[in-house]
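Me: Please take a close look at the ligand site in this model. Where does the ligand sit, and what surrounds it?

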Amino acid sequence: MGEALEELRDWQSALRAQFPIVVDNPELAYLDSAATAQKPQAVLDAVQSYLTTANANAGRGSYPWANRTTALVEEARQRVARFLGDREDGRESDGSAVHFVSGTSEGLRTVARDWLTEHLGDGDEIIVPFADHQANLLPWLEAQRLLAACGVRITVRELPYQAGSHDYDPAALAESVTERTAFVAVTHVHHVYGGDMNVHRIREVVGPRVPICLDAAQGVGHLPLDVGRLDVDFVVFSGHKAMALPGIGAVWARNTRGPRFEPGGWAGTPNTSGIVSLLAALDWLDTAGPDRIERWTIALGARLTDGLRHLDHYEVLGCQRSLAMDSPVGQRHGIVTFRHRGIGSDDLGFVLASHGLLVRADSLCQAGAIQRDGSVRVSLHVYNTAQEIDRLLDVLRVM
Ligand code: PMP
């Protein structure tokens, strides 16, 4: 892992220099990218340029600004499809599989309300994660309630996890799958433990017929994502975590298993500046290279867990086999959650903030985690550096 930090150092410095908020605040280390990512200059420029040269509504009007806006929205749809590796028979998708939403929460809810309720029948079963982000549990429970109100009873089963690693457990999942299994929801990268949930194994376990929905909120922009390889049916993500503006996200739908995904109702005016920001952000991320971003953030996460491992007072949550720098598990995608055995998360967060270390120190929106567990989350992106991790470790060491 250490080599990645050496090998990619110049590449990373050049990228870091493109984030004005990072460059202008050298005394701060932003370590909360799982909550939202910072924006490179290219994204800020794209939004500024759009709003000052072509701002109009999309799909309405036939004058040049309106046409330009409509074209940008179409281009962004295709960009999202391409970014996710959507290629039909080697040809690039036309973008019709992509629907813009405000973010992952709304996207998953739209899949649940507008598609899942159409797809399921009485006696069907769905398998969903009970200990991932609550945005990937509550919509499925809501669909169950909506269906029950119409006399359609479905069973919601828990997607099983492996003890100790917090990865999914394919063997146990195989036992939960029945001929009535009609839907499975999974998460790409866990927002608390940072683990890659290895969703490529899920298709093999559930068989060719069952639609799979992927919450990619912590995946898009952090590691390569290929819908062909994963063979999932929905990918849902938030633009703001992938360096675009808040308020924009997307649902990609394969549309080959179950009914076509057609979000109901009149959508109204789209978030055009958000869409423009997403187009620019995905261009930027593609040029930077999700594979290199993945190597960089895994290496930073490993530096942190390796450092924490040598400090008596701290316990890192999640997979224990992936703590060392040279761990063969290499599982944490730049998200590390830990606790101090004697100091609560509020106090820890306060002290870290006073040293300019901006971490997440309150609830992490994890489904089922009713009690606060006193943990602090550090989440990284390509603009973070090994020096920032060392600064953090220096402060943690004396607490
Ligand atoms: N899923 C996961 C895995 C997340 O990390 C988050 C955000 N923390 C969400 C869903 C919800 O994303 P948003 O708040 O952008 O809707």
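Reply: The ligand sits in the second largest pocket. The model is predicted. About 280 Å³ of space lies in this second largest pocket. Its lining counts 23 residues. Nearest the centre of the second largest pocket are Ala 34, His 133, Ala 217, Gln 218 and Lys 241. By class, that lining splits into 11 polar, seven nonpolar and five charged residues.

Now the shell around the ligand itself. Early in the chain's numbering come Thr 104 and Ser 105, then His 133 and Ala 135, all among the residues around the ligand. His 191 belongs to the shell too. So do Asp 215, Ala 217 and Gln 218. Ser 238, His 240 and Lys 241 complete the list. Sorted by class, the shell has seven polar, two charged and two nonpolar residues. The nonpolar pair is Ala 135 and Ala 217. The charged pair is Asp 215 and Lys 241.

Next, the polar contacts. Ser 105 places a polar side-chain atom 2.7 Å from an oxygen atom of the ligand. Gln 218 has a side-chain N or O atom 2.7 Å from a ligand oxygen. With Lys 241, the partner is a nitrogen atom of the ligand, and the distance from a polar side-chain atom is 2.8 Å. These pairs count as polar contacts because each consists of N or O atoms within 3.5 Å. Taken alone, the ligand exposes 390 Å², and the protein buries 85% of that area. Gln 218 and Lys 241 also appear among the residues nearest the pocket centre.

What about the largest pocket? About 670 Å³ of space lies there. The largest pocket has 26 lining residues. Arg 77, Phe 100, Ala 267, Gly 268 and Pro 270 lie nearest its centre. Three elements each give two or more residues to this lining: helix H5 (64-83), strand E4 (98-101) and helix H6 (104-119). H5 gives the most, with four residues. The lining of the largest pocket holds 11 polar, nine nonpolar and six charged residues.

To recap the ligand site: the ligand occupies the second largest pocket. Ser 105 contacts a ligand oxygen at 2.7 Å, Gln 218 does so at 2.7 Å, and Lys 241 reaches a ligand nitrogen at 2.8 Å.

Conventions
Residues are numbered from 1 along each chain as its sequence is written. This is a predicted model: local features need pLDDT of at least 70, side-chain atom pairs count only at pLDDT 80 or more; totals for chains, interfaces and linings use all residues. Side-chain values use heavy atoms; hydrogens and water are left out. A residue is near a molecule or strand if one of its heavy atoms lies within 4 Å of it. A polar contact is a pair of N or O atoms within 3.5 Å; within protein, one must be able to donate a hydrogen and the other to accept it, and residues adjacent in sequence count only if both atoms are side-chain atoms. Accessible areas come from the Shrake-Rupley method with a 1.4 Å probe; for residues, only the protein chains shown count as cover. On a 1 Å grid over the protein atoms alone, a cavity is a set of points where a 1.4 Å probe fits but cannot get out, and a pocket is an open set with protein on both sides within 12 Å along at least five of seven lines; lining residues have an atom within 4 Å of a point. A molecule sits in a cavity or pocket if more than half of its atoms lie within 2 Å of its grid points. Grid points are joined across faces, edges and corners, and a volume is the space filled by probe spheres set on the points.
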